[in-house]
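User: I am new to this structure and would like to go through it step by step. Could you show it to me, so that I can ask about its parts one at a time?

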Amino acid sequence: MANSKYEYVKSFEVEDEVMPPNLIVVHIDGRDFRRFSEVHEFEKPNDEKALNLMNQCAMAVLEEYPDIVFSYGYGDEYSFVLKKTSKFYQRRSSKISSVIVSFFTSVYVTKWKEFFPLKELRYPPSFLSQIVCCASLEILQAYLAWRQRDCHVQNQYNTCFWELVKKGGKTEMEAQEILKYAKEQDRNELLHQQFGINYNDTLALFRQGTCIFKTEVEDIVKYNEDGTPVKRLRRKAGIFRSENIAGRRFWNAHASLLKELGNFSEDCFKTNPDYIRSFLFESKLMPSTWIVIRIDGCHFHRFADVHEFNKPNDKQALDLMNLCAVAVLEEFHDIVFCYGVSDEYSFVLKKDSQLYQRRASKIVSAIVSFFSSMYVMKWKDVFWKKELKYPPSFDGRAVCYPSNEILQDYLAWRQVDCHINNQYNTCFWSLVKSGKSKSEAQNYLKGTQACEKNELLLKEFGINYNTLPLMFRQGSSIFRVKRENPTLLENDASSVEKIETKIVTEHCNIIEQSFWEAHPSILN
Ligand SMILES: Nc1nc2c(ncn2[C@@H]2O[C@H](COP(=O)(O)OP(=O)(O)OP(=O)(O)O)[C@@H](O)[C@H]2O)c(=O)[nH]1
Ligand SMILES: [Mg+2]
Ligand SMILES: [Mg+2]
């Protein structure tokens, strides 16, 4: 919509397109899943239900994003491969990586009850994500071989470790010591001799991980009068397993993989360490600059329609956004300020933050995934009469701003946008509710100035714009303030923590300098 003098801040956004012919892989990985699996008492070393939940989430990702043509996962990680000709989000790395991790997380929380009907989700799970670029199919092959090798090595180690602890009566320290120098063959022998386990007979789900991709299947759509079936080809995601997913025999046998990615001309036996270095590479954000992570709901126009949000503003929907943002502020201590409007939120991290060593993809994914998780978990608290119809997703990006002034201009830009959109939408929906069609309302408002809009609202609809709820007009700002009387929080008898700050949600003017002068601690 209209321009504002603050719009120059957009020039600080950097381009992050993955250029063809690089293949795009999105790698996601549970964030502190060691703790998550302990709190939720996952079985050791493998919890079949938890793995099946991961697989179902990956299946949902493949059904949701047609450009994803192959995926492989084990434990708490999954890799999604986009077709080589993909134009998904103009191949912008942070968009792709954040949307997929957000959707995956939402599905994980949504489906939790299906897999763990008797276990309550104790806190929001979240995942980290990053883009891995593979310059050729051969390098993708090496990547897959590397991940599957990791699956095998970890699983074999963990199987031995937990046999030693659970059945062998060893302490965790002793088990660790025993396995320290054991080679692959030694571990198999240990399992066989001490515990009568033939490693190769254990579940393929644990040993090999899981591939999910689409194949063409014949569906019977109806029957002719003479009883003969009418069939149609449909692409359907399915689960596949193989000892060697990077082998020619497995890969080249699937027409869909050959078509979208190409064929493996040779088998891959050893992964070049330089390739692994490139798979692990993640760029870092500029030091000593404010980091802003802005997230925005994906297709929330549709989401708001499907969930019958009030127009133009739904108080409950905004309350839910604010609730999630407060939780983000509590979870990530380096965040000093959040500003939200509509389906978006900006999170400001302090200048000297070392969160994830300032790796952009880690910071963005952690926040967007945590937020999505919370949104699904808290939905029922806010909309107690409304069912969540499908898992929402958010995209995210990181932008650095070098000075306080520019950061304040960034926030002013967002608040001006809030004001302009809200004023326009209030007029638009008033006109529509009064009987105008949407295009009539649009034409009516074309080129009108702010004062004309206010006049229209007052004269035609008896609405004094300035008396509308502050949250709608100013958006929401969330930050910490010093407590007048610090409260004591007793964690346990020995430690008594002093809580000196509290988190507040306000709907104030952050464009004016007076806000920042009244709260000097936010930016200092
Ligand atoms: N009715 C209603 N709709 C809302 C509310 N908050 C957000 N929305 C919808 O969410 C949209 C947010 O705008 P955008 O983020 O630009 O659009 P989007 O549909 O999410 O599309 P992308 O962000 O590009 O995926 C608005 O245009 C509204 O349609 C609300 O409180 N009530
Ligand atoms: Mg949106
Ligand atoms: Mg938006």
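User: How do the residues of the shell around ligand 1 divide into nonpolar, polar and charged?

Analyst: This is a predicted model, and what follows should be read with that in mind. The shell around ligand 1 holds 15 residues, among which D296, H299, F300, H301 and D314 come nearest. Sorted by class, the residues of this shell are 5 nonpolar, 6 polar and 4 charged.

User: Which element gives the most residues to the shell around ligand 1?

Analyst: Two elements give two or more residues to this shell, and they are β7, which runs over residues 290-297, and α11, which runs over residues 300-306. Of the elements around ligand 1, the one that gives the most, with 3 residues, is α11.

User: Which residue has a polar backbone atom 2.7 Å from an oxygen atom of ligand 1?

Analyst: Several backbone atoms have to be told apart here, beginning with a polar backbone atom of H301, which is 2.9 Å from an oxygen atom of the ligand. A backbone N or O atom of N310 also lies 2.9 Å away, but its partner is a nitrogen atom of ligand 1. The distance of 2.7 Å to an oxygen atom of the ligand belongs to a polar backbone atom of D314.

User: What percentage of the accessible area of ligand 1 does the protein cover?

Analyst: The reference is the accessible area that ligand 1 has on its own, which is 640 Å². Of that area, the part covered by the protein is 67%.

User: Where does H299, which has a positive phi although it is not a glycine, lie?

Analyst: Most residues other than glycine have a negative phi. H299 departs from this with a positive phi of about 50 degrees, and H299 is also among the residues that come nearest to ligand 1. Its place in the chain is the loop between β7 and α11.

User: Which peptide bond is cis with omega near -5 degrees?

Analyst: Most peptide bonds are trans. A cis bond with omega of about 5 degrees joins P20 and P21, and P21 is placed in the segment before β1. The bond with omega near -5 degrees leads into P312, a residue of the loop between α11 and α12, and is the one from K311 to P312.

User: At what angle do helix α14 and helix α16 pack?

Analyst: Two packed helices are described by the angle between their axes and the distance between the axes. For α14 and α16, the axes are 10 Å apart, and α14 passes α16 in a left-handed crossing. The contact includes Y424 and L431 of α14 together with L457 and F461 of α16, and its residues are 7 nonpolar, 4 polar and 1 charged. The angle at which the two helices pack is about 35 degrees.

Key. Residues numbered from 1 in each chain as written. Chains lettered and ligands numbered in written order. Predicted model: local features only at pLDDT ≥ 70, side-chain atom pairs only at ≥ 80, totals over all residues. Heavy atoms only, no water. Near = heavy atom within 4 Å. Polar contact = N/O pair within 3.5 Å; in protein donor to acceptor, adjacent residues only side chain to side chain. Areas by Shrake-Rupley, 256 points an atom, 1.4 Å probe, with all protein chains shown as cover. Helix = DSSP H or I, 4+ residues; strand = E, 2+ residues; numbered from the N terminus. Nonpolar A, V, L, I, M, F, W, Y, C, P; charged D, E, K, R; others polar. Axes fitted to C-alpha atoms, helices over the stretch in contact; angles between N-to-C directions. Left-handed = near helix turned anticlockwise from the far one by under 90°. Contact = heavy atoms within 4.5 Å.
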